[in-house]
Amino acid sequence: MMPVSCRNTVMGRVGFDGIACGCSPNGGFDQFTVKGSSKRVQRRFWGGHGERKLGSLWRGVGRCRVFSTKSPEILLNGIIEGSPSPVLEVLREKNSPILLTNVFEVVADDLLTLNKNLQNIVGAENPVLMSAAEQIFGAGGKRMRPALVFLVSRATAELVGLKELTAKHRRLAEIIEMIHTASLIHDDVLDESDMRRGKETVHQLYGTRVAVLAGDFMFAQSSWYLANLENLEVIKLISQVIKDFASGEIKQASSLFDCDVELDDYLLKSYYKTASLIAASTKGAAIFSNVDSSISIQMFEYGKNLGLSFQIVDDILDFTQSAEQLGKPAGADLAKGNLTAPVIYALEKAPKLREIIESEFSETGSLDEAVELVKACGGIERARGLAKEKAYNALTNLKCLPQSKYKTELERMVLFNLERIE
């Protein structure tokens, strides 16, 4: 059996104040940063017994890592220097090109059952709200989160000899998709977005009042089903996600057009708004397979790293794709003052960009100029490297699983995301 150690590969400059994967018996939190080109990382843990400072550690430190016999320097070779990870290259050679429909093929029947159950669950009590929710359910959504629940459920079930998914696995997938849908409806209201996946948003069609009520209803409905799972660990896990959504929105709203926002802040906000739900999805699936807690922790880390990588890629595409491809106006986040990884990196090299953003694009053509500066100053490339870093971490988290077609698709999900920016 592969040895397990509380270590985790950390590359680049990251910081997650207040995010816990749960590997400490005290539910400790990590905070770590790498400043400039320094190879030493300063780490602090917070736990139930107060703060403890652990000295300086060499690169390759962290927690909850199932590790290879190769040294961290060998494992990280390529990513630190900007070239692809050997692991990523091997998988890409075997599985390129990657289509999401192919990734989901092994759980296609599970997803069909999910779609039927969602309509029954949401539409049973209020047809008007169901009509609003169908605008999201039927708007070309990828069903990525429930698919991840099914993939992790089946991959971890093999560890304990479970032949079929339980009713709780299936209900978890439905709850996750309902929570995600509710968050999208509310996001579109807050962002005043007119389009979602190429279609008009719920509030655009039905008005803000119906949109807010539809989102509230789905949050409430998902919470009721969550309580009926009667698993306190999962209830607490998913409840934290709903809190994280609000924290992410508040964090974003309080830093609009703030050119002093740091990468740590961006990553934390991205965790709250995107990665938290994915991490809870994958960990919850493992919990219902009754695997060892060390495995469920790894599944949490996989979901977190995959979610962060997805968000970074989405933020890159906001600069590189057209409105037709995005399903929303290109450069929409920057126009609203939401500074993402490409912008944060570009600000380090372009003082002019700061002036434009702080003016809130008051001059005609200033938004287009800002977009070009982000591209010219290497913001896109550096953000692409950050997305690859998180992707590599996600693949590392999967090493605790036995080889299976479900594990392979979890790996391919990571690569599918990266192919969106290649």
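This note goes through the predicted model point by point, from the whole chain down to single residues.

1. Overall make-up. The protein chain of this predicted model contains 19 helices and seven strands. Of its 422 residues, 54% count as buried, and the chain exposes about 18500 Å², of which carbon and sulfur atoms supply 51%. When one looks at contacts between residues at least 6 apart in sequence, 71% of them join residues that are at least 24 apart, and a student following the fold should therefore keep the sequence numbers in view while looking at the structure.

2. The largest nonpolar core. In soluble globular proteins, nonpolar side chains tend to be buried together. Here the largest nonpolar core has 107 residues, and the members that touch the most other members are Y302, L334, V343, L353, I357, L410 and M413. Helix α11 gives the largest share of this core, namely 15 residues.

3. One core residue followed outward. Which residues does L353 touch, if those up to four places away in sequence are not counted? The list consists of V343, A346, L347, A370, L373 and V374. One of these partners, V343, is itself named among the core members that touch the most others, as is L353.

4. Helix α18. This helix covers residues 379-397, and at 1.5 Å a residue its 19 residues should span 27 Å, whereas the C-alpha atoms at its ends are 28 Å apart, a value that agrees with the expectation. As for its surroundings, α18 is mostly covered, since 16 of its 19 residues are buried.

5. Helix α19. The same check can be made for residues 405-419, where the 15 residues of α19 should span 21 Å and the end C-alpha atoms are 20 Å apart, which again agrees. Helix α19 is also mostly covered, with 13 of its 15 residues buried.

6. A salt bridge inside α19. R412 forms a salt bridge with E409, and their closest N and O atoms are 2.8 Å apart. Both residues lie in helix α19, three residues apart, or about one turn of the helix. Are these two charged partners buried or exposed? Both R412 and E409 are buried.

7. A salt bridge between separate parts of the chain. The structure holds 16 salt bridges, and one of them brings together the side chains of E177 and R143, at 3.3 Å from N to O. E177 lies in helix α7 (residues 167-191), while R143 belongs to the loop between α5 (127-137) and α6 (144-157), so the pair ties together parts that are 34 residues apart in sequence. With a relative accessibility of 4%, E177 counts as buried, and R143 is buried too, with a relative accessible area of 12%, because both values fall under the 20% limit for a buried residue.

8. A network of salt bridges. R170 forms a salt bridge with E164, with 3.4 Å between the closest N and O atoms. This pair is part of a network of salt bridges that links D110, R154, E164 and R170. R170 counts as partly exposed at 22% relative accessibility, and E164 is likewise partly exposed, at 43%.

9. An aromatic pair. A search of the whole structure finds four aromatic pairs. In one of them, the ring centres of W224 and Y225 are 5.1 Å apart and the ring planes meet at 85°, so the pair is edge-to-face. The two partners differ in their exposure, for W224 counts as exposed at 52% relative accessibility, whereas Y225 is buried, with a relative accessible area of 16%.

10. Two residues with positive phi. N290 has a phi near 60°, a positive value in a residue other than glycine, and it is placed in the loop between α11 (263-288) and α12 (293-320). E360 also has a positive phi, of about 55°, although it is not a glycine, and its place is in the loop between α16 (351-358) and α17 (366-376). N290 is exposed, with a relative accessible area of 64%, while E360 is partly exposed, at 49%, because its value does not pass the 50% limit for an exposed residue.

Conventions
Residues are numbered from 1 along each chain as its sequence is written. This is a predicted model: local features need pLDDT of at least 70, side-chain atom pairs count only at pLDDT 80 or more; totals for chains, interfaces and linings use all residues. Side-chain values use heavy atoms; hydrogens and water are left out. Helices (H or I, at least four residues) and strands (E, at least two) are DSSP runs, numbered from the N terminus. Buried means under 20% relative accessible area, exposed over 50%, partly exposed in between (1.4 Å probe, protein chains only). Contact means heavy atoms within 4.5 Å. Accessible areas come from the Shrake-Rupley method with a 1.4 Å probe; for residues, only the protein chains shown count as cover. A nonpolar core is a set of buried Ala, Val, Leu, Ile, Met, Phe, Trp, Tyr and Cys residues joined through side-chain atoms within 4.5 Å. Rings of Phe, Tyr and Trp (its six-membered ring) pair if their centres lie within 6.5 Å; planes under 30 degrees apart count as stacked, over 60 as edge-to-face and the rest as tilted. The expected span of a helix is 1.5 Å times one less than its number of residues. A salt bridge is a side-chain nitrogen of Lys or Arg within 4 Å of a carboxyl oxygen of Asp or Glu.
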